[in-house]
Each structure stands twice: as C-alpha cells, then as structure tokens.
Amino acid sequence: MKPRQCKQYSRNMKRSDDSEREKRRKRRRLLQELGEQRIPYLSPTDPGFQELWDSSYAGLALRQSSCLPDGLHEKVQSALVTLHRHGCLLRDLVRVRDRDVFTAVSRALVGQAGYTYRYLDTRLFTIPWHCEGESGQRDEKEKPCCESDLRDACKALWELNQFFSTDVQQQQTNVRGVKRSRSDTENSEDASVEGPCKENVLDRLKEEKQENVERLDEEQEEEEEDEEEDSGQGCSHSSPPSSTMPSTQTGLVQFNVTLINYMDPAAMTQLKEEPYYGMGKMAVGWHHDENLVPLSPVAVYSYSCPLEPKNEGVTEKDGEGQSKEKENKTEGGGTSKDEGQKEEGEGSKKEEVEKEKTCWRVGLKVAWDIHTPGLALPLQSGDCYYMTDDLNRTHQHCVLAGDTARFSSTHRVAQCCTGTLDYIQKRCSEAFENLHMDAETNTKSLCSLLPSTLQHIEDIHNEVEFEWLRQYWFQGRRYARFCSWWTKPMEKLEKDWKEMERMTQLLLAVVEDENTAQENRREMADVLLNALTDRQQHRQTWRDRCQSSLAQTLPPEEAPVDRPYWSNEDPDMPLPFDLSDIISRVESLLWRM
C-alpha cells in the first residue's frame, strides 16, 4: 500500500510491536532470575494453606456441591452433556499475536438473547437462555429457534445463573466485610507507627517491584483462552481498572452470559506445563478474565465427567460424591481446614497429595508478584467457585488439567455496551439519519456533508462489516446448525450494511464532483480515504484468515466463510470488493488539490 494509506496502520503496529517486545523481554528476564527455581505454591494438604487464602486470596470463595439446591446438579450436568451431544461446543479459531490458533478448549456462549462476548479478536454469539419472559425466540413461521432438548438445556443453565446471581451477592458482601475489618485494623496500626510516610514507602517499593518483575499475563500463547487485552477493531474493549462500584455490586448481581467450556485431557497431546510454580499441566494458561464490567464477579460451575459423556447416569450424586473429602467451606465464603487433617499420618497425606493431582484444579497468583506463594484449589465434580470484589483485576488464574474430561459453566457480567444486537441496530439507525430519499425522483442523497458526520457514518459502516458480519460468518455455519436465533438479525444487518455501501458511493460521487467547494472537498476526501484504506486492509486480513492453513482443516459446516464477498463486476453492489482503484483515485485527487 502507498505511504498515505499505511500511515495509521504502521503507527498502530509500531506501538503493538514495541509492547510485545517489552513483554517478551521482561518474561525472559524473569525466567533468568528464577533459573531452575520455582515459586512456591500451596494446596489444601500444605501447612499455611488457609492462612495464605485468607491473607492473599480473600476474594476467592469455594461453594461445595452440597450448597446447590436439590436437583440442580442433575439438570445442569444433563444440560452440559446435551450441548456437547448437539455439537454446540467447538474450538475457536482465535487471533494471538497476529497468528491464528485453535483454542485448546471447546466452547459455546449461552446467555441473554442478542448478547455477544468478545475475546482474542473473536466475537461469540449467544444461544438464548430460553427462560420465561424472553421474546423473539421463534422464526417467521413461529417455529422455535432450537430443538426442545436444547431449549431445556439452556433453561437449566439459566436456573443455575439465577442461583449464582443470588448466592454470589452474599459472598461478595462477606468478603468486603472482612476486608473492611482488616483495613480498619491496619490503618490504626499504621497511624501509630509512621503515618502517611509509610504509604509513600510502600508505593515506592511497589513501583520498584513492578520494574523488576514480569507481568505474567501472556506466557501461554495459544493456551491462554480468555482475552488478555483487546487487540480488535474498535469494539468491546477490555475492562479498565475502576475505582467506582459497578451497578452489579449495589444490588443483585445479574450475570448476562455464561461461557461453556469442555476439555478432554486424554485428547490433548500438547498441554503445557505450568512454568512458574510447577503446578502441573495447564488446560488454560494464566490470565485475567477480560471484557467484563469492572469489579464484577465471576461464578464457575465445574463438572468432571467420563471421557465420553453420555446422557444417562447423570445424577445428583455425580456432583456430591466426593465433596465431603475436601476441606469444608463456610456458608459465608471462607474455608476452614478439617481439624482432623492435622492428625493424619504421613501416608494419608501422601494419598491426599496424589489425589489432588488427579483432580481438576484452579490455580491463582497475585499479578506482578513472584514473592507471594500461589494457590492451587482442587475441584470435585459439582463444586463452584466465585472470584469476587477486585480479585480478577489484581490476580490471575489458570486451570490445571485433571485425569477426566471436564465441563465448566463460567458465568459473568460481560461488558456489552458495544456488544449487543440492540446496540448495533441503533448504530445503523444513526447512520441512516444522514440518508435522504427524494419522494418524487426516488433518488438518494446525503443530508449532511460535515466531515465529523461523514466520519461517524463510515466508522459505523466499518463496525458493522468487521465487528459483526465478518465475525459472525468467520464462525462458519455452525450457529445455524443448532440455533436459528441469529439468522434473521444477521440478514437484516447485512441489508443495512449494503445500504451503507451505497452511502459511501454517494460520498465518493460528491468528492469527485468538480463543482464541490474546494475546501470542503479536501476534508471530505480525507475522511473517505481513511475509511476506504481501513476497509481495504481489514478485508484483506479477514480473507487471509478465512484461507489460512488452519481454517482449511475444519469440516465444511465449521469452516470460516468469507462473507460479505462479491466480484468487482457484480451489478447489484454499488462499490467493488477490492477498493484499491478507488483508493488510488481519491489519493490522486488529494495530490492535485
């Protein structure tokens, strides 16, 4: 591309490359500092485990399987198996450091109708909850969008979501109460010793530590499943640190989506070893859950199952059979070790250690910190855990593989200000406010030629094409195979996008019209050139992704589709797919001005 066309992209790529080089440099330095050593971590069988949990991981709450309402385990576990049987759980082809990679985990998104969740340049589209009161879940022929057993499965996950929404609120309240008590005690002690000077010293020490340790949030490239930072095209940005309390924390927590995950470690031959603590094989690498409402909680249901899950045999006992063998969790969210554990013999402790290693576990660590020991928490089938308060922001977690296959349902408050169907439909309406139809001549024109208005419309145009249409079709035809909810909305969105192509054609005609005022013409040409350059670059990127070697390995019903795509001679399209000739025309026009 020519210099003017590449200006914006080269600037963005330089910042991205510099950031990646710095992160890799820090990681190498940290690994050199550690050498052959490993940072210690504690499990329930280790002395000091409870004290470490209370002092450094207070935002983590375990809810044993017995805490769930009667009958809910059976419904949820049957639902997870049903999703698996229908083929809804698929590995995503995501983007990590400008490379396409398959996720190790197969997954699907269930949640509020019309919601999406974006991670690693990939937008997932919800299968609706199918709960009472939800509308729009039938097609134009009044047929349900999903088969009956799939609808029942989604409804069961909604029931779990309702339980979590109520239960996690109590856990968060208890965690904050503990933190407030500790804060009052620490403040009184600090004031009697050094006053405000101590805070300054601690700040300086924290800054020095940040200069000398690695932020461990990118060490597992293709294994790291949840989004580390938003590297996309302007939508659904990662949740920034926030000092304000989100609305979910002033009332009932409202989880709007759940990300369903499935992994069979027996089918995975390249699971990486956890590199810093020696915790074992990782199913999901160290990460923060991103694209969430700031400070909102995350609730996770864990179901370990046979390697080939069957619908039969899923009973309440599957979730409760081994829960009593673990340390007990208090109803308020804190845990207390079994007093009898201290009196067990060495042989019994070894058995417990070996048993822990065969379980699925969640590992946690303090971000920016190689001095605080890590925490490894075993999960029995049917157990749940909550990450509350600011734990997800200040800590990182990973998932350590057990011996059996495992489902998880990870409920979250997704940051959906730019990620709902309602949002993008309103954006289309905003764009069409600038389109005028002459009733007599039946011709169309642009109402306003202000550069700011034109820029706004072209931004919407690009957003619809690259954040919605191409994201949807990159997932292949897999959505329509088991749920038709998104079919009609995406058809309507594509129709709106085509109208925006006509609006760009109208702008091009104005720019190339010699009668247009010279000053305004140059400003409009700049807006148009930037939009077309951006569009051309993204179209080529998506074409390359659809034709990548990894994409070619997928079966036809799962393979990415390069859509919208049309030949340059298509008479039904106002502009060609390949915009290079038009870009050259506008660029030449600007050089002559």
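Student: What makes E3 and strand E4 count as paired strands?
Tutor: In this predicted model, E3 and E4 (residues 99–111) share 6 bridges and run in the antiparallel sense. Pairing requires at least two bridges, so E3 and E4 qualify. One of the partnerships joins Val-96 to Arg-99 in E4.

Student: What lies between E3 and E4 in the hairpin?
Tutor: There are 2 residues between them, and Arg-97 in the turn has a positive phi of about 50°.

Student: Why is strand E3 called largely enclosed by the rest of the structure?
Tutor: Strand E3 covers residues 90–96, and 6 of its 7 residues are buried, so the description follows.

Student: How do you know whether Asp-92 is buried or exposed?
Tutor: Asp-92, which lies in strand E3, has 1% relative accessibility. Buried means under 20%, so Asp-92 counts as buried.

Student: What makes the approach of Asp-92 to Tyr-119 a polar contact?
Tutor: The two side chains come to 2.6 Å, and the cut-off is within 3.5 Å. Asp-92 is also in contact with residues further along the sequence, including Arg-107, Gln-475 and Arg-478.

Student: How do you know that the span of helix H14 agrees with its number of residues?
Tutor: H14 (residues 580–592) has 13 residues, which at 1.5 Å a residue should span 18 Å; the end C-alpha atoms are 18 Å apart, so the two agree.

Student: Why are the buried residues of H14 said to line one face of the helix?
Tutor: Seen down the axis of H14, they fall within an arc of 155°, so they line one face. Among them are Ile-582, Val-586 and Leu-590. On the other side, Asp-581, Trp-591 and Arg-592 are exposed.

Notes
Residues numbered from 1 in each chain as written. Predicted model: local features only at pLDDT ≥ 70, side-chain atom pairs only at ≥ 80, totals over all residues. Heavy atoms only, no water. Buried < 20%, exposed > 50% of the residue type's maximum accessible area, 1.4 Å probe, protein only. Helix = DSSP H or I, 4+ residues; strand = E, 2+ residues; numbered from the N terminus. Expected span 1.5 Å × (residues − 1). Arc of directions from axis to C-beta. Polar contact = N/O pair within 3.5 Å; in protein donor to acceptor, adjacent residues only side chain to side chain. Contact = heavy atoms within 4.5 Å. Lists of a residue's contacts leave out its neighbours within four places in sequence.
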